[in-house]
Each structure stands twice: as structure tokens, then as C-alpha cells.
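Reader: I should like a close look at a single part of this chain. Please describe one strand and its partners with care, and then set that part beside the rest of the chain.

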Amino acid sequence: MSESSGELAAQFLGPPAPTHPEPAGPGPDDPVAASKAEEGTGSSAGSRRPRQRRPRIGDTRPAPPPAVPPTPVPAVGRVGATLPVAPPAVAGAGEAPVVQPETPAAKTGRSRRRSGRERRGRPVGRYLMCVHVRPHVTQVAVLEGRILVEHYVSRASDDATQIDGNIYRGRVQNVLPGMEAAFVDIGTPKNAVLYRGDVRYDPDDIETASSATLRIEQMLKPGQLIVCQVTKNPIGAKGARLTQEVSLPGRFVVMVPNSSAFGISKRLDDTERRRLRRIVDDTRPNGHGLIVRTAAEGASREELVGDVERLTAQWEAIEAEANRATAPGLLYREPDLAVRIVREEFNRDYRGVVIDDLDLFNQVSGYVEQVNPELSDRVEYYDPMAENLPVFERFHVHEQLHKALDRKVWLPSGGSIIIERTEALTVIDVNTGKNVGTSNLEETVYRNNLEAAEEVARQLRLRDIGGIIVVDFIDMEVRQNREKVAAALRAALARDKTRTQVFDISELGLVEMTRKRVSEGLVESLSGVCAVCGGRGIVLDESLL
């Protein structure tokens with residue numbers, strides 16, 4: 001065919017179809033892909049096959065399919081083991097777009113936010129949970145990025161010390177009107193304490209003029225059997241703290257039996273709160289209160305109903321056991337530490353939960369599959385024998401634990417903080433150390449205090465320090481700088497789920513704050529009292545006494 005005839009055919013028939021289909025170009029809603037496309041494929045002149053572009057950090061597009069599909073490796077349960085995924089089909093010219101089948105999550109109305117984000121087929125999240133199991137102890141570490149922010153220890157002998165959340169049938173031993181408290185035998189080595197504000201009673205059983213003038217000796221009698229729940233573990237010489245306001249936590253709601261309590265998490269936006277309010281009003285059991293948790297964001301009606309029905313059946317079993325019991329004893333035990341933390345914490349912000357014990361992995365994965373199947377693929381089994389490295393070494397938890405046990409913590413700019421714990425309070429001293437600054441003293445001190453505020457909040461959370469805390473920041477002359485440092489400390493503490501109360505910086509540069517004491521702390525959980533000095537840190541010279 002002549003050149004002119006070829007041009008005439010192209011005018012009526014259009015350009016010839018390419019031998020290989022070209023990939024679809026970036027759409028207007030994908031600025032990252034558009035910028036990548038402008039850089040070109042990087043193919044050299046005269047080459048028959050374009051050079052494959054290497055993925056870059058931040059590129060959210062799926063990687064191009066390899067020339068030869070890899071053979072699937074049956075590595076079920078291995079960390080990082082994924083099956084090859086076929087590339088998405090591109091609709092050709094004149095063809096209808098491929099309609100993907102509706103997923104189960106879309107059928108149940110679950111929001112995409114609850115299933116979490118993914119990048120190149122791998123989950124993306126801010127936190128990672130590592131569970132290390134030994135024969136007599138289980139440790140759980142929570143990483144924010146690569147930084148250790150929380151650590152929990154649970155021992156097999158903690159049936160008498162780690163009992164927070166357990167429900168007991170207790171017998172009142174004695175009532176102390178002067179302390180407005182009662183000591184209750186719950187079957188543990190130490191009697192637990194029940195304060196007046198935590199006592200529930202039936203007004204028909206008590207003859208009094210007003211409940212405001214009701215005393216604890218009128219509400220409780222020695223020898224009386226009561227149902228109570230532990231709200232604080234025994235610490236040192238103090239026994240566990242009890243309440244008769246029993247609560248059963250679920251995945252999405254907390255049920256308060258025999259109560260009219262009702263509430264929705266304030267962390268949810270108004271639209272979501274109204275939606276959950278309509279669902280809970282229809283599913284709320286008679287005679288019981290409900291508190292909707294933050295994890296209920298995006299939950300469907302079926303999920304909330306299932307959670308409420310499960311908690312109702314659980315309380316009926318506890319109540320039946322309490323009616324049969326005639327002696328103090330355990331009625332309900334909280335699940336294992338790993339399961340409990342997964343129930344309280346695990347959400348779309350976690351990129352994964354890594355467990356190095358197969359039995360515990362099966363237990364946790366079954367629980368997640370039941371309550372939140374969208375995140376079940378984020379629970380992974382870590383085989384230390386196959387990886388030839390312990391899980392805490394693999395994710396650099398071990399070295400960070402050693403640093404968390406030191407008195408001195410270094411700051412990025414060269415400053416430091418010193419943490420000293422006493423029986424009454426915890427004192428934290430901020431020093432400039434090697435930080436000499438560049439401009440003037442006020443600016444150096446201000447920048448050092450900003451770093452210290454962020455590190456103090458992390459150390460309080462990691463070491464689980466509770467009670468009264470005094471932070472001695474370096475003196476700042478400018479009032480605005482003091483206010484900014486206090487605001488930075490409050491913002492850093494906002495990520496801590498434990499309740500805190502922070503006061504402004506005083507003229508002496510001191511910040512007084514309180515943090516709810518939940519457990520004994522990281523240092524105490526990993527150590528014991530010295531047999532030589534008795535915990536004083538000094539050895540007396542007996543020859544001089």
C-alpha cells in the first residue's frame with residue numbers, strides 16, 4: 001500500500017491498535033500517581049522493553065506485575081508471608097468496566113475506616129503490638145512506629161495480684177465507720193477494701209430519712225455476702241479496691257447490670273453519636289445500663305446487637321453462679337492479658353499484632369475473627385525458630401526495655417531527665433546536659449523543655465507511673481514559653497488512655513500532676529527488693545553502729 005493510501009485508511013479507520021495494551025494513566029484524583037507519570041518510565045532509546053520502574057517511598061499505587069508470576073509459598077502464619085495477588089484488569093476500549101462483587105463488609109454497612117488502611121497489600125497503622133510468651137510469664141509491648149510506648153507483664157502466679165476486672169462473691173469482714181470503708185474477704189490472701197462511695201444498696205431495705213445522711217454501717221453488716229468487682233490491683237501492703245457497680249466490657253459497649261447508666265464516648269463526632277444513639281435505644285436490655293465505646297465507630301446494628309446479647313448472657317451466668325455460692329470466691333475472671341489488651345486497644349490504628357506462641361495466637365485470632373473480622377488478617381504468628389530471632393529482638397523491644405529501667409533518659413538535643421520514685425510521689429528533673437544551644441539561654445532552655453515535655457509523657461506511659469508527679473522544668477523567664485511547654489505536655493499526655501490531671505507551671509518551674517495508679521509499674525514488675533539493702537539503695541556499716 002502506498003503512503004497516501006495508508007494515510008487515507010488511518011483517517012477513516014483510526015490509528016492501529018498497539019501490540020501491548022498500555023496501562024491506564026493516572027486519574028485526576030491521584031496527584032501522586034500523576035507526578036510519577038510525569039517523570040517517565042526511564043526506558044532507554046532503542047530498547048525493545050521499557051525498564052521497570054522501582055517503587056518509591058510514599059507511592060501508594062500497586063507495584064507492576066512481574067513478568068513471571070512467583071510460585072506461591074505455603075508460609076501460613078509467618079510474619080510478612082503474603083500470597084501473590086493478580087494485577088487488576090484494565091478495561092479495553094469499548095468494553096464495559098469490570099464490576100467487583102460486593103464484599104461482606106459493604107453488605108453489613110461496616111465503614112471502611114474500621115477495616116484500616118493498606119499499602120501494597122500490607123496493613124498501615126500507627127501502632128504495633130508484640131506478644132512474647134514464656135512458660136511462666138507473658139509480656140506485651142506496644143510500639144508507636146518503632147518506639148516502645150507501653151509494656152505489660154502477666155505472670156502465672158498473678159491470681160492474687162493481677163485481678164483487676166474480676167468479679168467476686170465477697171463476705172464483709174468488718175465495717176470501719178471512721179474510715180467510711182469496709183474490708184471484704186474475696187478469697188485472696190489480703191482482704192479488699194470497699195469505700196462508701198462504691199457501695200450499692202436497695203433503699204427499701206434501709207430505714208433512713210435521706211440517702212445523703214446514710215452511713216456505711218447502715219448499708220453493710222459484718223458477715224453479709226455481696227457481689228463486687230475489683231477496680232484496682234493490690235499494691236504493696238494495700239489490698240485490692242472494690243466496687244459494687246459491676247461493669248462488663250465488650251468490644252463495642254460496656255454493660256452495667258442493674259443500672260440506668262447510659263453514655264456514648266465523647267471522642268466520636270456528633271453524627272456518629274446520633275447514629276449509635278438510635279441503635280442503642282432499640283437494643284438496650286431492660287434493667288441494665290450501656291456505655292458505647294470509641295471502638296463502636298462504624299459498627300453495624302448487627303454487631304452492636306450481638307455484643308449486647310453476649311454480655312447479657314454473660315451476666316446471667318454470673319448472677320446464677322452468685323446465687324448458688326455460699327462462700328467467698330471468684331465468679332468471673334478476666335481473659336488472658338493479651339486477649340484483654342486486644343479487646344481494649346486493637347483497632348484500625350494498629351498495623352498488626354505479632355504473637356510468638358501458637359496456642360495464644362489461635363485464641364487471639366479466634367476472638368478477633370468473632371468480634372472484628374475486618375482486622376483478623378492483622379493478627380500474625382511469629383515463629384522464633386524459623387526466624388532465628390526472638391520477637392522482642394526482631395522489633396528492638398529488648399534494648400528499649402533496658403533503657404526504660406534507667407534513672408537517666410537522654411533527650412535528642414543532648415539534654416536529659418532524671419526520674420526518681422518515692423513512696424509519696426515521683427520527681428522528674430530536667431537538665432540541659434550537653435545541650436548548649438546556638439542563640440541565647442532562654443531559647444536553649446525553651447527548646448530543651450519542649451523535648452523534655454514529650455519525653456516525660458512517654459516515660460510516664462511506658463513505666464506506668466501513677467500517683468502524684470512533680471516535674472522540675474528548667475526556669476524560663478518568658479511567660480509565653482512556660483505556657484507553650486505546659487500545652488505541649490498536655491498534648492503529649494492526650495495519647496495516654498490513663499486519666500491524668502496537669503496544673504500550670506509555677507514560678508519555680510514546677511509542674512504538679514496526678515496520674516491514675518493502675519498497676520505497680522514497669523520497674524517493680526521486672527524487679528524485686530534487694531536482699532542486702534532492703535530496697536534502700538545503701539548498705540550500712542554495722543561496725544560503726
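**Strand E6 and its surroundings**

Author: In this predicted model, the hairpin of E6 and E7 has four residues between the strands, and Glu-180 in that hairpin takes a positive phi near 50 degrees. The two strands of the hairpin, E6 and E7 (residues 181-185), pair in the antiparallel sense over five bridges. Within this pairing, Asn-174 is found opposite Phe-183 of E7.

Strand E6 has further partners. E6 (residues 167-176) is joined by five bridges to strand E9 (residues 225-232), and the two run antiparallel. Here Arg-171 has Leu-225 of E9 as its bridge partner. Strand E15 (residues 329-332) is also antiparallel to E6, with three bridges between them. In that pairing, Gly-329 of E15 is the bridge partner of Arg-169.

Another sheet in the chain may be set beside this part. Four strands form an open sheet in the order E11-E12-E14-E13, with mixed pairing. Strands E11 (248-249) and E13 (262-264) are its edges; each has a single partner strand, so one side of each lacks a neighbour in the sheet. E11 and strand E12 (residues 253-256) run antiparallel and are joined by two bridges. Leu-248 is placed opposite Met-255 in E12.

Further along the chain lies the largest nonpolar core, which has 28 residues. Among those with the most contacts inside this core are Ile-417, Ile-428, Val-471 and Phe-473. Elements that give two or more residues to the core include strand E20 (425-431), helix H13 (441-463), strand E21 (467-472) and helix H14 (479-493). The greatest contribution, seven residues, comes from H13. Val-471, leaving aside neighbours within four places in sequence, is in contact with Ile-428, Val-430, Val-456, Gly-509, Leu-510 and Val-511.

A nonpolar group is also found at the surface. Ile-538, Leu-540 and Leu-545 make a nonpolar surface patch of about 330 Å². Leu-540 belongs to the segment after helix H15 (522-525) and is partly exposed, with a relative accessible area of 45%.

For the chain as a whole, there are 15 helices and 23 strands. Of its 545 residues, 37% are buried. Among contacts with a separation of 6 or more, 64% are between residues 24 or more positions apart. The exposed area of the chain is about 32700 Å², of which carbon and sulfur atoms supply 52%.

Definitions and conventions: Residues numbered from 1 in each chain as written. Predicted model: local features only at pLDDT ≥ 70, side-chain atom pairs only at ≥ 80, totals over all residues. Heavy atoms only, no water. Patch = residues over 30% accessible without salt bridge, like charges linked within 9 Å, V, L, I, M, F, W, Y side chains within 5 Å. Areas by Shrake-Rupley, 256 points an atom, 1.4 Å probe, with all protein chains shown as cover. Salt bridge = Lys/Arg side-chain N within 4 Å of Asp/Glu carboxyl O. Buried < 20%, exposed > 50% of the residue type's maximum accessible area, 1.4 Å probe, protein only. Core = buried A, V, L, I, M, F, W, Y, C linked by side-chain atoms within 4.5 Å. Contact = heavy atoms within 4.5 Å. Pairing = 2+ DSSP bridges.
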